[in-house]
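Visitor: I am new to reading protein models. Could you walk me through this one, feature by feature?

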Amino acid sequence: MAKSVSPDAISFILANPCPNSSSDLPEIIVQVLDLKPLGVKHTFMANDGKMKVKGLLQSTLSTEVASGKIQDRSLIRVLDYTLNDIPTKNEKYLIISKCEAVGPPLEEEYTAEVKSEEGGIAKKPKHEIDVKIETNNNEAACIFLKPKQQVVTKSAAQIVHEQHGNMAPSARMAMTRRIHPLVSLNPYQGNWTIKVRVTGKGNMRSYKNARGEGCVFNVELTDEDGTQIQATMFNEAAKKFFEKFEMGKVYYISKGTLKVANKQFKTVQNDYEMTLSENSEVDQVNNEPSFIPQTKFNFVAIDELGPYVNGRELVDVIGVVQSVTPTMNIRRKINNETIPKRDITIADTTKKTVVVSLWNDLATNIGQELLDMSDKSPVVAIKSLKVGDYQGVSLSAVSKSVIVVNPDSPEAEKLRSWYDSEGKDTSMAAIGSGLSPSTNTGSRSMYSDRVSLSHITSNPLLGDDKPVFYCIKACISYIKHDQAMWYQACKTCNKKVTEAVGSGYWCEKCEKNEQDCSLRYIMAVRVSDGSGEAYLSVFNEQAEKLLGCSADELNELKSQEGESAYQMKLKKAIWVPHLFRIGVTQNEYNNEKRQRITVKAVAPIDYATESKFLVEEISNLKISK
């Protein structure tokens with residue numbers, strides 16, 4: 001049986017602006033009119049045929065709109081809502097946080113039909129909104145509206161006080177309070193109470209500006225649905241709550257304010273940010289079951305990571321594990337502390353790969369788990385990663401990063417299906433192979449600042465004041481193998497080591513003696529293009545891409561298979577075209593300045609992209625003529 005609009009649905013909502021529990025709600029079906037997007041949310045008019053009220057579908061319902069389930073003039077069943085007053089406009093807004101479509105769109109706006117005094121059928125005028133709720137004994141029975149209930153919004157302190165005083169079971173306590181989900185909050189609300197877990201806590205920071213000096217810190221809060229918001233505290237509030245907030249603990253919070261989030265500084269996916277003052281109430285949840293927040297992901301495809309490079313915004317990614325490195329120890333420059341690090345390489349349906357660096361416990365625990373199962377190519381979903389410019393584009397875990405191995409989600413199923421059917425046999429390219437170290441606006445393409453070698457060599461003063469950067473397309477014509485192609489490096493800091501007295505290798509930077517060391521490339525190569533040639537300095541990461549092996553592997557090949565095998569390996573890299581991102585500087589040698597050209601990034605030729613680039617260059621030549 002087809003569903004229809006609930007009689008007097010808007011009247012019920014107006015009489016019950018803040019229901020205690022969504023499970024106690026009667027069936028509320030309204031018609032959606034004038035549906036419009038507002039960022040990731042949607043505004044509309046809720047219509048029951050007699051009355052209308054402005055409404056807002058939260059961002060969690062945007063997929064229902066995108067899929068076509070909720071359309072203009074369609075019917076929805078309201079499952080959870082809040083009716084907010086907007087004092088500045090003297091209006092009410094129906095905030096719907098949960099609903100479902102119950103039928104296809106109607107052909108026109110729904111108008112209720114009511115009996116006239118003569119007993120006929122007459123349409124209710126749109127401007128008439130009063131509804132009679134009294135009848136005499138001679139008239140037919142009519143529907144009575146539920147009397148308006150007095151709704152008392154309790155603060156966090158009141159809730160906790162009642163909880164401790166009454167010691168009632170948590171199920172009974174849950175019926176006596178109204179906990180607002182984070183997704184329902186907006187700056188126009190007055191009193192609200194939220195129940196959240198602290199999933200991130202910053203350090204206390206000092207600041208100084210034109211208005212004076214002070215201190216500030218922030219926390220990241222997550223509710224049971226996985227929605228996050230950042231809360232900031234200044235000065236007295238910061239001093240009051242810094243010790244109170246503990247990582248992983250659950251709190252009731254009330255008497256805070258919300259404002260539109262500053263995109264430049266926000267670290268969570270939320271349109272708003274919260275500010276807590278010294279008058280705000282924060283109380284830890286005790287004597288009732290806590291919750292584990294549902295982890296929500298907002299995945300970014302690997303080939304779309306470029307604009308996030310060196311930005312403040314953290315990203316979520318999902319991919320199939322291609323390789324996992326052993327744990328290595330990295331020494332921090334700040335405090336000389338050694339921390340474990342492990343790199344994993346993941347790929348997705350864009351046929352691109354990216355390196356993710358894991359640190360501390362993530363490297364030793366989950367990283368080891370991934371290493372043990374790397375032959376099965378597990379799917380990993382990783383939340384909150386920082387995007388850096390190492391090797392063009394790279395990802396690095398932070399303290400609040402979360403890794404889920406083989407998650408149960410549609411995205412993981414789709415990725416697994418693609419990889420098993422075609423992905424495992426597909427040639428993958430690193431996302432950083434076509435990008436070079438970034439500028440403030442994002443990653444630089446290998447096709448920007450393209451010049452010929454003669455442009456560089458014919459101008460000996462290039463890089464005199466400051467380094468300049470270009471892209472070139474060239475082939476290696478000669479590798480200088482008559483001089484050392486690598487150096488002995490410390491496995492911790494990659495700095496040069498010397499053979500210690502007795503045995504082992506001494507690292508001056510780490511000030512310690514190690515039993516073994518690693519080899520790292522430091523090569524000089526001559527490259528050629530149609531305009532000329534030049535010598536380039538190539539270091540470890542770029543040299544490995546050019547030769548296809550590490551310095552340790554090439555040294556082992558030379559010692560075990562001899563000079564001929566070694567020379568053959570070098571010849572394979574000759575006359576293969578590559579794209580190079582280079583930096584040009586001036587070095588002084590014997591009181592004479594000389595150009596030094598260093599390779600910053602290297603990538604193989606993508607002939608489809610190269611063809612498009614050449615066509616654009618030809619078009620520009622025609623226009624200039």
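Guide: Gladly. Let us begin at one residue: leaving out residues up to four places away in sequence, Lys480 touches Met485, Ala524 and Tyr535. Contact here means heavy atoms within 4.5 Å. This is a predicted model, so local features need pLDDT of at least 70 and side-chain atom pairs count only at pLDDT 80 or more, while totals for chains, interfaces and linings use all residues. Residues are numbered from 1 along each chain as its sequence is written, and side-chain values use heavy atoms, with hydrogens and water left out.

Visitor: Where does Lys480 sit in the chain?

Guide: Lys480 belongs to the loop between strand 25 (468–479) and strand 26 (486–489). Helices (H or I, at least four residues) and strands (E, at least two) are DSSP runs, numbered from the N terminus. The chain has 12 helices and 33 strands.

Visitor: How far apart are Lys480 and Ala524 in sequence and in space?

Guide: They are 44 residues apart in sequence, and their C-alpha atoms are 5.7 Å apart in space. For the chain as a whole, take the contacts between residues at least 6 apart in sequence: 63% of them join residues at least 24 apart.

Visitor: Is Lys480 buried, exposed or partly exposed?

Guide: The cut-offs come first: buried means under 20% relative accessible area, exposed over 50%, and partly exposed in between (1.4 Å probe, protein chains only). Lys480 has a relative accessible area of 28%, so this residue is partly exposed. Of the 625 residues of the chain, 43% count as buried.

Visitor: How do I read paired strands?

Guide: Two strands pair if DSSP finds at least two bridges between them. Strand 30 (residues 518–529) and strand 31 (residues 532–539) pair in the antiparallel sense, over eight bridges. A hairpin through two residues joins strand 30 to strand 31.

Visitor: Which residue in strand 31 is the bridge partner of Val525?

Guide: That partner is Leu536. As a general idea, side chains in a regular strand alternate between the two faces of the sheet.

Visitor: What should I look for in a nonpolar core?

Guide: In soluble globular proteins, nonpolar side chains tend to be buried together. A nonpolar core is a set of buried Ala, Val, Leu, Ile, Met, Phe, Trp, Tyr and Cys residues joined through side-chain atoms within 4.5 Å. The largest one here has 37 residues, and those with the most contacts inside it are Ile472, Ile479, Leu547, Leu554 and Phe580. Setting aside neighbours within four places in sequence, Ile472 is in contact with residues including Val451, Val527, Leu536 and Phe580. A second, separate core of 26 residues includes Ile344, Val380, Ile382 and Val393.

Visitor: And how do I read aromatic pairs?

Guide: A pair of aromatic rings is described by the distance of the centres and the angle of the planes. Rings of Phe, Tyr and Trp (its six-membered ring) pair if their centres lie within 6.5 Å; planes under 30 degrees apart count as stacked, over 60 as edge-to-face and the rest as tilted. By this rule there are six aromatic pairs. Phe245 and Tyr251 form an edge-to-face pair, 5.3 Å centre to centre with 70° between the planes. Phe245 is buried at a relative accessible area of 1%, and Tyr251 is buried at 0%. Another pair, Trp418 with Tyr419, is tilted: 6.3 Å centre to centre, 55° between the planes. Ring pairs also link Phe241, Phe245 and Tyr251 into a cluster.

Visitor: Which ring does the charged end of Lys558 sit over?

Guide: A charge sits over a ring if NZ of Lys or CZ of Arg is within 6 Å of the ring centre and within 35 degrees of the ring normal. Lys558 has its charged end over the ring of Tyr566, 4.5 Å from the centre. Lys201 lies over the face of Phe242, at 4.2 Å from the ring centre.

Visitor: How many disulfides does the structure hold?

Guide: Zero. A disulfide is a pair of cysteine sulfur atoms within 2.5 Å.

Visitor: Why does Cys507 have no bond to the closest cysteine sulfur?

Guide: The closest cysteine sulfur, in Cys493, is 3.6 Å from the sulfur of Cys507, which is too far for a bond. Cys507 counts as buried, at 1% relative accessibility.
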